[in-house]
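Q: I should like to learn how the features of a structural model are read. Could we work through one example together?

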Amino acid sequence: HKQTLVNKKMTQGMLSKGLFGVVYLFGTQVLSRFFTFALNIAIQRQLTPAVIGVANAQLQLIMNTISMLTREAIRKVCLRNSEKTSDFQKTVNLSWLTVPVGLIFVPLLCHLFYFVANEEQIATPFFFETIILTGVGMFLELLSEPAYILAQNMQHYQLRMYVESFAVFSRCIFTFFLVKLDYGLLAFGISHVCYSSFLILGYFGYFFYKAAFSSVPDPHQRVKSIWDIFPKYLGSQSFDRESLSLAMSFEWQSAQKLILQEGEKFVLFFMATLTDQGIYSIVNNLGSLVARIIFLPVEEISLSIFSKLLSSQKKQDSEEQKGKTKENDRREQKDNDTTSEIRERNVNKKSDDVTQEKSDDAQDPKEEALFVLNLALKMMSRKKNQMTHRTLKRRPCSYSTWH
């Protein structure tokens, strides 16, 4: 009953935090879309449609591809894990897998996109340099992923609103001034590196501050040291095998989602001109503005809450099953003890009977000896009487005795 009350309170706390999370993420989306929309209006007259097509269509396609193939599966798995000490460290270790995965996918995908680009795309000024800077920015963004996952697991949605809003604002400011300085397409690559750097500073800086300068100890605070957000070697228990298997399943799901979500951009990348891609990207961003502002926060918070509730429900079921198993084991042990006690009593009773029989058998020879001795004494007494009677018969008698 106590466990049920605890789970009920935990569920209510998750739902209340999730409601506030929707509000915070809604504010984040509104601010980020407002800054991006204002930036597009400010720089639209100073860039050619070809540059806008590369920046808003092809670079965005590269970033979405890297993001879905490197971090989305691990992010979903980490949101399902509980907050126990052992599971917390395994979650941290699993979240840092985005870094080696990024080291493999980021250079591979950047070189692949540059290799399949047509002559018009390659002829765009700073095309190769921008792709390289975009890859560097995506790798820096993957470095901030462990702190982001930790913040999501602890339901620090307000932190995400502040960090991402400031990072988007800084990217827009850097892009605007670099475009004003005639950096062209290179401005988008540099601004993305700045955006990723602000994400690292924001997320890791928050946890560093909490671990180093927090004056009031919080028992619910999982990060009590700076090193708690870094991976630790735990031998064979460093990673959960079930989580790794689930991450592989989600990775395949992310690949399918990439094809369904970004399929039209892949078609435009190979078949349309840069001008057509630029026009399509502007119309697509304006058309999906309402859906991204309203439904994207609800989707992300729902995924986080449902994952937590499912994990807690599975944990409760496993604990109940363990309790039933322990109760059954206790009953079986009690029955075994009772049975063994009865057997021991029977064995002791049989041993007492055998001992009694042996003692009785040990007393029988003594009685036989006494009986034989008494019989011998009687026979000796009778024989002595017979000998005495014979002696008296043979003795001569006087005449007076006869009379």
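A: Let us begin with burial: a residue is called buried when its relative accessible area is under 20%, exposed when that area is over 50%, and partly exposed in between. The model shown here is a predicted one.

Q: How many residues of helix 2 are buried?

A: The count is 19 of the 22 residues, so helix 2 is largely enclosed by the rest of the structure.

Q: How does the span of helix 2 agree with its number of residues?

A: The expected span of a helix is 1.5 Å times one less than its number of residues. Helix 2 covers residues 49-70, and its 22 residues should therefore span 32 Å. The C-alpha atoms at its ends are 31 Å apart, which agrees.

Q: Where is the kink in helix 2 centred?

A: The kink is centred on Gln60 and amounts to about 25°.

Q: What should be read from Arg71, in the loop between helix 2 and helix 3?

A: One reads accessibility and then contacts. Arg71 has a relative accessibility of 13%, so it counts as buried. Its side chain makes a polar contact of 2.9 Å with the side chain of Ser67. The side chain of Arg71 also makes a polar contact with that of Glu141, at 3.1 Å.

Q: Is Leu185, in the loop between helix 9 and helix 10, buried or exposed?

A: Leu185 is buried, because its relative accessible area is 2%, below the cut-off of 20%.

Q: How are separation in sequence and separation in space read for Leu185 and Thr130?

A: The two values are set side by side. Leu185 and Thr130 are 55 residues apart in sequence, while their C-alpha atoms are 6.8 Å apart in space. Another such pair is Asn284 and Ala57: they are 227 residues apart along the chain, and 9.9 Å separates their C-alpha atoms. Asn284 belongs to helix 12, residues 274-287, and counts as partly exposed because its relative accessibility is 23%.

Q: Which residues form the nonpolar patch on the surface?

A: The patch is formed by Leu112, Phe115, Val116, Val267, Phe270 and Met271, which together have about 660 Å² of accessible area. At least two of the patch residues come from helix 5 (98-116), and at least two from helix 11 (241-271).

Q: How does one read the accessibility of Leu112 within that patch?

A: Leu112 is located in helix 5. Its relative accessibility is 44%, so it counts as partly exposed.

Technical notes
Residues are numbered from 1 along each chain as its sequence is written. This is a predicted model: local features need pLDDT of at least 70, side-chain atom pairs count only at pLDDT 80 or more; totals for chains, interfaces and linings use all residues. Side-chain values use heavy atoms; hydrogens and water are left out. Helices (H or I, at least four residues) and strands (E, at least two) are DSSP runs, numbered from the N terminus. The bend at a residue is the angle between axes fitted to the seven residues ending there and the seven starting there. Buried means under 20% relative accessible area, exposed over 50%, partly exposed in between (1.4 Å probe, protein chains only). Patches are made of residues with over 30% relative accessible area and no salt bridge: like charges are joined within 9 Å, nonpolar side chains (Val, Leu, Ile, Met, Phe, Trp, Tyr) within 5 Å. Accessible areas come from the Shrake-Rupley method with a 1.4 Å probe; for residues, only the protein chains shown count as cover. A salt bridge is a side-chain nitrogen of Lys or Arg within 4 Å of a carboxyl oxygen of Asp or Glu. A polar contact is a pair of N or O atoms within 3.5 Å; within protein, one must be able to donate a hydrogen and the other to accept it, and residues adjacent in sequence count only if both atoms are side-chain atoms.
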